[in-house]
Amino acid sequence: MINVTLPDGSVRQIEKGTSSFEVARSISEGLARNVLAAEVNGEIRDLSRPIESDCTLRLLTWEEDGGKSTFWHSGAHVMAEALELLYPGVKFWVGPPVENGFYYDVDFGGMVFSDKDFEALEEKMLELGRNENEYVRKEISKADAIAYFTEKGDPYKLDLLENLEDGQITFYTQGGFTDLCRGPHIPNTSFIKAVKIMNVAGAYWKGDEKNKQLTRIYGIAFPKQKQLKEYLELLEEARKRDHRKLGKELDLFHFSEKVGQGLPLWLPKGAELRSRLETFLKEAQRKAGYQPVITPHIANKELYVTSGHFAKYGADSFQPILTPAEGEVYLLKPMNCPHHCEIYKSRPRSYKDLPIRYAEFGTVYRYEQSGELHGLTRVRGFTQDDAHIFCTVDQVKKEVGKVIDLVMYIFDVLDFKDYVAQVSLRDPDNPAKYIGSDENWEKAERSIQEIANEKGLKTVVEYGEAAFYGPKLDFMVRDAIGRKWQLGTVQIDYNLPERFELDYVGADNARHRPVMIHRAPFGSMERFVAILIEHCAGKFPLWLTPEQVKIIPVGERFNEYASELLEVLKNSDIRALLDLRAEKVGKKIREAELEKIPFMLIVGEEEVANNTVSVRKQGEGGDLGTMSIEDFVNHINSEVRKMLKQ
RNA sequence: GCCGGUGUAGCUCAGUUGGCCAGAGCAGCUGAUUUGUAAUCAGCUGGUCGGGGGUUCGAAUCCCUCCACCGGCUCCA
C-alpha cells in the first residue's frame with residue numbers, strides 16, 4: 001500500500017499501481033465524471049497512469065488551470081484528427097493549449113484554409129467527440145517514432161524528434177490519429193461537447209520570419225455547450241467595448257489615410273478627455289515633487305548614438321531627416337530619456353540636488369510594422385506620460401515606493417481594482433548579459449521587492465524578464481470584463497547614466513554615477529485612453545467625461561431658462577451642453593443617452609416656476625426627480641471631488 | 001513586413017450567374033412641428049463603389065497591382 005496526500009491534507013492508502021482515476025472514483029462518482037487530469041507531485045499526468053509511490057495528488061477538473069489546459073490540448077489533437085480526415089495529407093507542426101483555447105500549426109500544402117471551412121471542421125470535431133475515443137499513451141523508441149513519421153511523411157514531426165532523447169518519447173493516439181506528444185490528455189474525446197474554430201492566421205515555422213509560413217488554426221473547446229455560449233457572449237461584450245468602435249461613436253479620435261497609418265487624430269471630445277487625464281496626472285506629479293520639462297520632437301542623430309538607441313533601433317525606425325544646407329542628420333524622437341539626460345547634464349549636480357524628477361508628456365515616434373498597428377493601443381506616434389528620476393543607489397527604494405504610491409492613487413481614482421505588480425529580475429543563469437555591477441543589481445532588485453511588499457502590492461516575480469539595463473516593475477491590470485493589460489511601468493536603469501556619463505558630487509567630494517528610474521503610470525496616453533474606454537465601456541467617470549451635463553428644454557418657451565441654466569453650470573466649472581433643437585424630448589434624451597452624457601437636465605413649465613431642474617442619469621432611465629439648481633451644482637462638484645480623492 | 005479576410009454616401013449596411021441613370025436607414029440641409037424622460041413628418045443634398053491598370057460591347061461584380069482596415073504571426077511534442 002502507498003500513501004496519497006490530497007490537497008485538503010487528508011491521506012488515502014491505495015494499492016500500488018492504482019490509477020488517479022480510480023482514486024477520483026473512490027472519492028465520488030461526481031468527481032470521477034468531471035476529472036480531467038491528475039497532478040502527481042506537481043506534475044500533470046494522465047488519469048489512467050498508475051501511481052507507483054507515495055505522492056501528493058490533485059485531481060484537476062475544468063475549474064483548475066491545469067485541467068483546462070489539458071482539456072484544450074486534447075482539443076487540439078481532435079482538431080488535428082478532424083483536419084487529417086477532411087484534408088488528407090496535411091502536415092502538422094505543434095498544437096499547444098493557449099490562454100483561451102488552443103491552436104495547431106498546419107501545412108496545408110498549396111491549399112488555402114479560410115473561415116468558410118470552419119463549420120465543417122467544427123462538425124467533424126464534434127463527431128469525433130461523440131465517438132468517445134480514448135487517448136492512448138504509448139512509450140516509443142526514437143527509431144520507431146522516426147520510422148512512423150517517415151512513413152507518414154511528416155517532416156515537421158521528424159524535426160521535433162531530432163531534439164528529443166530516446167527513451168523520453170511518447171505517442172498519443174485517439175481514434176485514427178496518432179501524434180508525437182508528451183501529454184497529458186483527458187481520458188477520452190467525449191468530454192469535448194462544444195467547439196468553436198476562432199480564427200486562422202499565418203505563423204512562421206518556429207516563429208522565425210525566414211522560415212516557411214504555416215497555417216495556424218485557433219480553436220476553443222468546452223465540456224459544456226453553455227460554457228461556449230458564455231465565452232461567445234464575453235467576446236461579444238468585448239466587441240461592444242472595443243475602443244475603435246466607441247472612439248468612432250463617441251467622436252473621440254479618428255484615423256485618416258492621408259495623415260498616415262498609426263497616427264491618431266484626437267477629436268475635440270477625445271482631446272478634452274486626454275487633456276483632463278494629463279492635468280490630473282500633472283497635479284499628482286507636482287505634489288510628488290516632479291518638475292516639468294519640455295523637449296523637441298527631433299534631435300541630432302548623435303544623441304541616439306550616445307544613448308545606444310541608434311545602434312539598436314536605427315535601421316527599424318523612421319528614417320532620418322536631413323538639414324537642406326548642411327546635410328546634418330536628425331531623427332524623430334523615439335524616446336524622451338536621452339533628452340532628459342542632457343537636461344540633467346546642463347549643469348553640475350550635487351548629491352544635495354538628488355533625487356531630481358523630470359516629467360514630460362513627451363510625444364515620440366516609432367516605426368511599428370504595419371501589421372502591428374492596432375487602434376490606439378499600437379500606434380506610430382504617441383505621447384508617454386514619461387518621467388525620469390535621477391537618484392543615488394540608496395534612494396532607489398524610496399523613489400520606487402513613491403512611484404508605486406502614485407500609480408496606486410491613479411488606479412484607485414480610475415477604478416482599476418484588480419492588478420498585480422510583476423517584478424522582473426535578472427536571469428540567474430545568464431548574468432553576463434546585464435550591464436551594471438552585481439552589487440547595484442542586488443541592491444536594486446532587493447529594493448524593488450521590499451518596497452512592493454511594504455506597499456502591500458500583490459506581486460509575481462519573473463526571473464530573466466529584466467531589461468539588460470536594469471530590473472523593472474510592471475503593473476498588470478484586469479479590466480471590467482477580466483482582460484489583462486500591462487499598464488504602468490517602473491524601470492531602473494544603469495545604462496544611460498553610464499553612456500551619458502552622468503554624475504554628481506557626493507558628500508565625499510568625489511564624483512558618483514546616479515541611477516536613473518524611468519516610469520510611466522499610464523504608459524502612453526493613447527494606449528491608456530484605449531484601455532480606459534474599454535474598461536468603462538465608454539461611460540467615463542464624471543470627473544473625466546468630456547461632457548457632464550446636457551440641458552434639455554421641453555419646448556421653445558423654456559429656452560431662455562435653459563440658457564441661463566447653462567451659464568450657471570459653466571460658471572460652476574461644470575461641462576454642460578444645451579440642446580435647443582426643435583426636436584421632441586424623447587429624441588433629445590435618446591441622443592444624450594447614446595452619447596453617454598452622465599446627466600440630463602429636463603426643464604419645462606414646472607422647473608421654470610420653481611427654479612429647479614429635473615434630473616435624469618445616463619443608463620438609469622426615467623426621472624430621478626427634481627432638485628434646485630444649487631443642489632445639483634453642489635452634487636456634481638462634490639461627486640467630482642470625492643472621485644479625485646481630494 | 002508575412003498569411004488569411006474585408007473595403008459601396010459622414011455612419012451602419014443592401015446590391016456579385018457582369019447589363020436599365022448604384023439603393024436603404026441614420027446623420028446633414030430646407031420646411032413644417034414647440035414637444036415632459038430612448039427615434040415627429042415631408043422634401044432635398046450627398047457615392048471617383050479604397051486607388052491604379054487590365055479583360056469585356058458593357059465591371060461595384062472577373063483578373064492583376066498598390067493602399068487602408070480586421071484577425072493572427074510570443075506560447076517548440
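Which residues is Ala-520 in contact with, leaving aside its neighbours within four places in sequence? In this predicted model, the answer is Asp-385, Gly-488 and Thr-489. Ala-520 itself sits in strand β28, which covers residues 515–520. With a relative accessibility of 7%, Ala-520 counts as buried, because the cut-off for that class is under 20%. Val-490 also belongs in this picture: 30 residues separate Val-490 from Ala-520 along the chain, yet the C-alpha atoms of the two are 6.8 Å apart.

From this one residue, the view can widen to the whole of chain A. The chain has 646 residues, and 50% of them count as buried. Its secondary structure comprises 20 helices and 33 strands. Taken along the principal axes, the C-alpha atoms of chain A fill a box of roughly 85 × 75 × 60 Å. Among contacts in chain A with a separation of 6 or more, 69% are made by residues 24 or more positions apart. The surface that chain A exposes comes to about 31,700 Å², and carbon and sulfur atoms supply 48% of that area.

Next comes RNA strand B and the protein around it. Here 58 residues surround the strand, and those that come nearest are Arg-182, Gln-213, Gln-261, Ala-582 and Ser-614. Of the atoms of RNA strand B that come within 4 Å of the protein, 51% belong to sugar and phosphate. Sorted by class, the surface near the strand has 22 nonpolar, 17 polar and 19 charged residues.

Several elements of chain A help to form this surface. Strands β12 (194–204), β13 (213–222) and β32 (612–617) each supply at least two residues, as do helices α8 (243–249), α18 (585–594) and α19 (605–610). Helix α18 gives the most, with seven residues.

Three polar contacts show how different parts of RNA strand B are met. At a base, a nitrogen lies 3.0 Å from a backbone N or O atom of Cys-181. At a phosphate, an oxygen is 2.5 Å from an N or O atom in the side chain of Ser-370. A sugar or linking oxygen, in turn, lies 3.1 Å from a polar side-chain atom of Arg-616.

Two further residues give a look at the protein interior. Thr-189 is found in the loop between β11 (177–180) and β12. Its relative accessible area is 0%, so Thr-189 is buried. The side chain of Thr-189 has a polar atom 2.9 Å from the backbone oxygen of Leu-128. Not counting residues up to four places away in sequence, Thr-189 touches Val-78, Leu-128, Gly-129, Asn-131, Glu-132, Asn-133, Tyr-135 and Gln-174. Leu-128 therefore appears both in this list of contacts and as the partner of the polar side-chain atom.

The other residue is Asn-495, which lies in helix α15 (residues 495–499). Is Asn-495 buried or exposed? Asn-495 counts as buried, because its relative accessibility is 8%. Once neighbours within four places in sequence are left aside, the contacts of Asn-495 are with Ser-307, Ile-435, Phe-468 and Tyr-469.

Conventions:
Residues numbered from 1 in each chain as written. Chains lettered and ligands numbered in written order. Predicted model: local features only at pLDDT ≥ 70, side-chain atom pairs only at ≥ 80, totals over all residues. Heavy atoms only, no water. Helix = DSSP H or I, 4+ residues; strand = E, 2+ residues; numbered from the N terminus. Buried < 20%, exposed > 50% of the residue type's maximum accessible area, 1.4 Å probe, protein only. Contact = heavy atoms within 4.5 Å. Near = heavy atom within 4 Å. Polar contact = N/O pair within 3.5 Å; in protein donor to acceptor, adjacent residues only side chain to side chain. Nonpolar A, V, L, I, M, F, W, Y, C, P; charged D, E, K, R; others polar. Areas by Shrake-Rupley, 256 points an atom, 1.4 Å probe, with all protein chains shown as cover.
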